[in-house]
Amino acid sequence: MQRLDRRDFLAGGAALGAGALLDPSLAWAQGSGTLRVAMTAADIPVPNGQTDQGAEGMRFVGYTLFDSLVLWDLSSATQPSRLTPGLATSWNVDPANPARWIFKLREGVRFHDGSPFDAGVAVWNFDKLLKEDAPQFDRRQAAQGRSRIPAVKSYRAIDPMTLEIVTAAPDALLPYGVAWIVMSSRARWEEAGRTWEGFVARPSGTGPWRFDRMVPRERLELVRNPGYWNKARVPKAERLILVPMPEATTRVAALRSGTTDWIEAPPPDALDSLRKAGMQIVTNVYPHNWPWHFSRVEGSPWNDLRVRRAANLAIDREGMKSLLGGMMIPAKGMVPTTSQWFGKPSFDVRYDPAAAAKLLGEAGYSRAKPLTVKAIISPSGSGQMQPLPMNEMIQQNLAQIGIRVEFEVMEWNVLLASWRAGAKDPSSRGAHSTNSSYFSQDPFTALIRHLDSSLFPPKGTNWGYYADAEMDRLFGAIRTAFDPMAQETAVQRAHEKIVNDALFLFVAHDVNPRALAPRVKGFVQAQNWFQDLAPVTVG
Amino acid sequence: MLAYAIKRTLFTLPIMLGVSLVCFALVHLAPGDPLVSVLPPDASQAIKEQMMALYGFDRPYHEQFARWLARVAQGDLGTSIRTGRPVSLEVGKAVGNTLMIATLATLIGFVLGTLFGFVAGYFRDSWLDKAASAAAVFGVSVPHYWLGMILVIIFAVQLGWLPPTGAGPGGSEAWVWDWVHVQHLILPAVTMSVIPMGIIARTVRALVAEILSQEFVAGLRAKGLSEFGVFRHVVKNAAPTALAVMGIQLGYLLGGSILIETVFSWPGSGLLLNDAIFQRDLPLLQGTILVLALFFVVLNLAVDVMQTTLDPRIQRA
Amino acid sequence: MRAATAEAFVRSPGYWVTVLRRFARDPVAVGAAMVVLGLILMAVFAPWLAPQDPLQGMTLKRLRPPGTDGHPLGTDELGRDMLSRLIHGARISLFMGIVPVFTALVAGAAIGIVAGYAGGWTNTVLMRTMDVFFAFPSVLLAVALAGALGPGILNSIIALTLVFVPPIARVAESVTTGVRSRDYVEAAKASGAGALTIIRKHVLGNVLGPIFVYAMSLIAVCMILASGLSFLGLGVKPPMPDWGLMLNTLRTAIYTQPLLCALPGVMIFITSISFNIMTDGLRSAMDIKA
């Protein structure tokens, strides 16, 4: 628990002799401090591997205890994060067969229980998600993991350090999906009576943190893994304690009373008082998107480009930002302007009510003769920011130019069910738009899944039944662009079309606020849903 | 007496069956998606249908109920959809934690309630009665979750005397009866105790007033019985009902702990219920409701039998 | 209490006058009744009393403390006037306290009277069903029902009604069973009067009094329960100005504006304590020793 701070260390170093100073690893040979994190989840994400509780579960349990073949580079706060080698050192598509991928695996990686990681274990892990008659098949992990790798058709170990994955159709975006799939220890599963219930009592992965103890529903304690394969990411803190605290006020109280060091998503209203109490508020742009997703089924008023553009020009995003205490980034597209995928769209999404009213007038509507639209919204929900005040503000803004909004308020899970079922389904109640915040960390989740004409429900989640041959062609180009730079350009082209055609009501990106106690040092908030806790120290 | 106890027990069996049917129906007939806790929100409808079949939610209701009931009869409440942990284990632990605050709250409520009730009943219509009755009315009228929030602001945030939430530094599994842990009990238990305090005070006041107004008490006094003797007589006659009310209150607190535990993040059955509702974890939800309801049924039974034993005046058919 | 009130309730013309006179002698109860009356008037005339629209707010003027210019009680998290929302809140909160109890009164009385009057199998089936619902602690049943039905005013009313039907049905049944065996009912039966006539003439009058008083005492309970459901997110949906829901949505600002956040709770407390004191006074006024 005791940590030498820098001054103490220098003083002690002087006494011990210069030798100690020369070895920087000594500074954290013993991890320093315990980091206690309050999560927004209602329960601890299950440490079985393919964990639950969404991105937060992956952030704190998936990528702490475990690793995937492909990881996110989370070291920079100023650059958009990109994929980086994880348990695989490289991956390439077979030049002769664009549906066949070869993953070269990392040598010498061991699970926390000491068993080695190899291609056999990787195949075993894919089987736990995809092969229903495999003894290690786990419904819960399957439910979590399957939707991440829909393209995977088959996989096998070519040799102990080489894994082959074959996709149903060429899919250059496969590594993004593979980045979700983490590797659990087969040896531990065998040892724990060949059950996942036994495994979660003592989970074992290859990640930078090792399992120490867990009190279900209350806390998960991890300790640093000094033997982590990536020396640069060996945690500096000795212990990481994860506590579920779904109530925002409870988290604030816990931080202020000193029973936790780090809280996720402090409520905007508490930020000022937290700052005054000396807490650090960290934020950063990340691939989160809060739009209105338009229905494009027949009869939807959003089928008219002029109406879509008018609505986009009518939203006072800066006003909304001040409503949220500065905790948002005005959206100008599906991804933030700093994203590598934003491109150079010609339609500038800005606040210009006069231009908006003019466009709407051309479409035949005005304040005197308003257009009525029906919009699904939720009162709360994961990633939904402050949906009620934000939507009420949109309602007021749109009313200014002559669009009357009727809300269909749905509880968050009901909204999700209707989102999955599609705009034509009765559960969507004939609404013209829905308002679910989107994870948009890769080209598929950011763009393709919403707009690909082959992904209508129930097969996919193109809620609005948007279909456009040119868009499908642009998506095809992304899927077959195996060179990373060519792929970025292809994604930019698709995104430019989305913005120019105003296919969504672009509203906001969240900034993912966290509040940290003053003694927490060294955290770099990456532009990502996931974060690296390794460099964090607690004084 | 034994015959009465057996008869009452047999009588509760159909009630228990009915309770389990209501639990199942409540949980299953409600609209909503039972896999919401394990499916990522962006999973497609096709994947959802695959998983529904894997979990058996595509079976007819009567079949699901029969299976569930057969397992419940053997003490198996199934496993949580989200965590895969046995529901009986989860509920057992949570009920244990809630019992800690609920028992403490009932005790505080009983001590204060009987005190206020006695004082009020004894000195009827005096200012003492007014004050004690005011405390009692406060207890039954205050929205206790709001009181809990106020207490957190005062004692945890402003004064920093007591921890605001949780069950101690190591979680409930590392619970030991020392100050570090016990201080976590204080705010939730005190908040919770205002309800039984109010109800017991009102009951005791009415009982005491009724006993004192009986003619033979006046007779006893006339015969020269000391005030202490009268007091003993009152205690003896009021105790069975007061104890019965206390027992029932424990059941109400246990079943109604959801608000307090939400405010204090106390890892008990109420918080579990809250999670189960919002995660739509059906096995966990019906298991939690069932255990809490059955606990209440059994508690009622026990109190009823105990009261008959203690109070010979009550004649039961 | 049940039997005592049933006995005490005698349909004599001077009865209510006596009750009122006794009630008027209790200044605390009268005070509470005035507060209740005030709250009801506030609810009825809310649109005229409230200085501003409770649903429209200036988002830039959010979370202002009580005493702000133009907003005597401050503004909420959307910049809506607190005073106006609290005044309008009386509507929904009283509605949510009273409607379920009265729906339950009607349903419970019907079930209890039918069970008590018919006896036999009908009684067994109806009352054992009631016993099943009665076997749940009230908060648990309300939460479970509201959780199953989902949030919303109508769903909350259904949930709360179901919570209060069994106890009311029990009281109604026991009174009806008592009345059924009375001589005058037997006589009416013998003279060939229909069941409905007997119930209307002889049973209703005796049953409604006791269960009405009992139901009055449930209103405060129901209101607190309803506000608790809203507080958990299982009751009234936003943007309705319900006191319990206001406590929920203002909770995130509890560290910055504690006084503001406490206000809806104060309103719930005042209402429920006034109802309780008034009912207590009424009950002791009715407790006439013949």
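Start by selecting α6(B) and picking out its buried residues: His144(B), Tyr145(B), Trp146(B), Leu147(B), Gly148(B), Met149(B), Leu151(B), Val152(B) and Ala156(B). Keep in mind that this is a predicted model.

Next, show what surrounds these side chains. The buried residues of α6(B) pack against helices of three chains: α9 (248–256) of chain A, α7 (179–213) and α10 (258–264) of chain B, and α10 (195–232), α11 (243–250) and α12 (258–286) of chain C.

Now look along the helix itself. α6(B) has 15 residues and spans 20 Å from its first C-alpha to its last, close to the 21 Å expected at 1.5 Å a residue. Centre the view on Val152(B), which is buried and marks the centre of a kink of about 30°. Then move past the end of the helix to Gly160(B), which follows α6(B) and has a positive phi, near 70°.

Widen the selection to the contact between chains B and A. Here 43 residues of chain B are in contact with 38 residues of chain A. On the chain B side, α2 (45–55), α6 (144–158) and α11 (269–279) each supply at least two residues; α2(B) gives the most, with seven. Colour this side by class to find 20 nonpolar, 14 polar and nine charged residues.

Finally, colour chain B by pLDDT. The chain averages 85, and 96% of the residues score at least 70. Among the elements of chain B, select helix α4 (residues 87–122) for the highest mean pLDDT, 92, and helix α8 (residues 215–222) for the lowest, 76.

Notes. Residues numbered from 1 in each chain as written. Chains lettered and ligands numbered in written order. Predicted model: local features only at pLDDT ≥ 70, side-chain atom pairs only at ≥ 80, totals over all residues. Contact = placed C-beta atoms within 7 Å. Helix = DSSP H or I, 4+ residues; strand = E, 2+ residues; numbered from the N terminus. Nonpolar A, V, L, I, M, F, W, Y, C, P; charged D, E, K, R; others polar. Expected span 1.5 Å × (residues − 1). Bend = angle between axes of the 7 residues up to and from the residue. Buried ≥ 20, exposed ≤ 12 C-beta atoms within 10 Å, placed from the backbone. pLDDT = per-residue confidence, 0-100.
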